[in-house]
Amino acid sequence: MQHPRPVLTTLLRGLLLLGATAGLGLPAQALTTTAGGSGWLSLDNGNNRAPILFDIASTADSQLAIGADEALTLNLGKPVAGAVGKARSFAAAGVVKASVEGLAFTEPINPNVPTVTHGTPRVWIEASARFQDKVELKSDTLAPGTEARFRASFSIHAETDDPGHIGPTFAGYNSGMWNLQVIIGPYFYREDFPNGLFTTIRDRNVIDFGQEFTGRVGDVIDVSISLRLAADNRAGYYTDANGQLQTYGPRDDTVIDASNTLNAFVTPLTAGVQAVGSTGHNYAFATAVPEPVAAWLWVLGLAGLGLSRRRRG
């Protein structure tokens, strides 16, 4: 199997450099951004695995990762079984984005012909994104040490095809996974799905107003978001631990799309105060708008997925 890498690395890196200097100020070591992914494809239920390769483009204050590939079994030029995986992730000050898609399938060569000889296609793929920043509570009018009130909050917009547990009770596997952690000063939030055999990952469209807290002008607080998504998809026939022939079914697919962003906010409730990150990013809710360059990067990343996919028999 061949695993060509996307050809967009140079262009992506150039656009990221543009985004890093578009009004964000000088980058600082206090901001760290990480975007990545991993995965593999198999036509025999994971016994032999071909890695899904990712391209990563980064600057001092943003990072983008893109990966996609497929493995197909062909009969007379027609795919009769296969596994497909693609993922992307992005991280910058105040925002993370990620998306995963997995598909495993078998199809009869002709109607009513069993697919037991088509193998057991499987895909595992994950995407992760994280930023961590130091945010100063500052003011041009209030003296250092003056108390001020702030609200910690975050927003999520994610769409899924409701992946969850597949298979018998206390067996089977989870076709989709979602792990989220948010830290904003004293505020902490965590989600882990699935956290049990019957959990389903639903659409998420939330603005969480978190909690209010008191800080002082000149204080520096930690702000971070970590997001990890994963898909595990299987199809076809396999032999269980007792030597019995079993089937995953003809098709299993997963879509978890959190690419329309997960943002963190530190909103001042006291007049004359700001919450400013180490690169100059304003974390106030009212000023949080999509970065134009980052938005274009994301669109380009989606288009670039097609360049990394090749058909293999």
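Tutor: Let's start with the vocabulary: helices (H or I, at least four residues) and strands (E, at least two) are DSSP runs, numbered from the N terminus. Ser 259, for example, has its place in strand S17. This is a predicted model, in which local features need pLDDT of at least 70 and side-chain atom pairs count only at pLDDT 80 or more, while totals for chains, interfaces and linings use all residues. Residues are numbered from 1 along each chain as its sequence is written, and side-chain values use heavy atoms, with hydrogens and water left out.

Student: How many helices and strands does the protein have?

Tutor: The protein has two helices and 18 strands. Contacts (heavy atoms within 4.5 Å) add to that picture: among those between residues at least 6 apart in sequence, 77% join residues at least 24 apart. Take Ser 259 and Ala 98: they are 161 residues apart in sequence, but 5.1 Å apart in space, C-alpha to C-alpha.

Student: Is Ser 259 buried or exposed?

Tutor: Buried means under 20% relative accessible area, exposed over 50%, and partly exposed in between (1.4 Å probe, protein chains only). Ser 259 counts as buried because its relative accessibility is 14%. Across the 313 residues of the protein, 48% count as buried.

Student: Good. Now the rings: how many aromatic pairs are there in the whole structure?

Tutor: A pair of aromatic rings is described by the distance of the centres and the angle of the planes. Here, rings of Phe, Tyr and Trp (its six-membered ring) pair if their centres lie within 6.5 Å; planes under 30 degrees apart are stacked, over 60 edge-to-face, and the rest tilted. The search finds six such pairs. One of them joins Tyr 173 and Tyr 248 edge-to-face, at 5.8 Å centre to centre and 90° between the planes. Tyr 173 lies in strand S10 (residues 173-174) and Tyr 248 in the loop between strand S16 (245-247) and strand S17 (251-268), so the pair ties together parts 75 residues apart in sequence. Both tyrosines are buried. Elsewhere, ring pairs link Phe 154, Tyr 187 and Tyr 189 into a cluster.

Student: Which residue lies over the face of Tyr 173?

Tutor: A charge sits over a ring if NZ of Lys or CZ of Arg is within 6 Å of the ring centre and within 35 degrees of the ring normal. For Tyr 173 the partner is Arg 234, at 4.0 Å from the ring centre. Likewise, the charged end of Arg 49 sits over the ring of Trp 40, 4.0 Å from its centre.

Student: And how many salt bridges does the structure hold?

Tutor: Side chains of opposite charge can pair when their charged atoms come close. The cut-off puts a side-chain nitrogen of Lys or Arg within 4 Å of a carboxyl oxygen of Asp or Glu, and the structure holds 13 of these bridges. Glu 191 and Arg 204 meet at 2.2 Å, N to O. Glu 191 lies in strand S12 (residues 187-193) and Arg 204 in strand S13, so their bridge ties together parts 13 residues apart in sequence. Glu 191 is buried at 5% relative accessible area, and Arg 204 is buried at 17%.

Student: What about Asp 253: which residue does its side chain meet in a salt bridge?

Tutor: Asp 253 meets Arg 251, at 3.7 Å from N to O. Asp 253 is partly exposed at 33%, whereas Arg 251 is exposed at 52%. Bridges can also share partners, joining Lys 86, Arg 88 and Glu 101 into one network.
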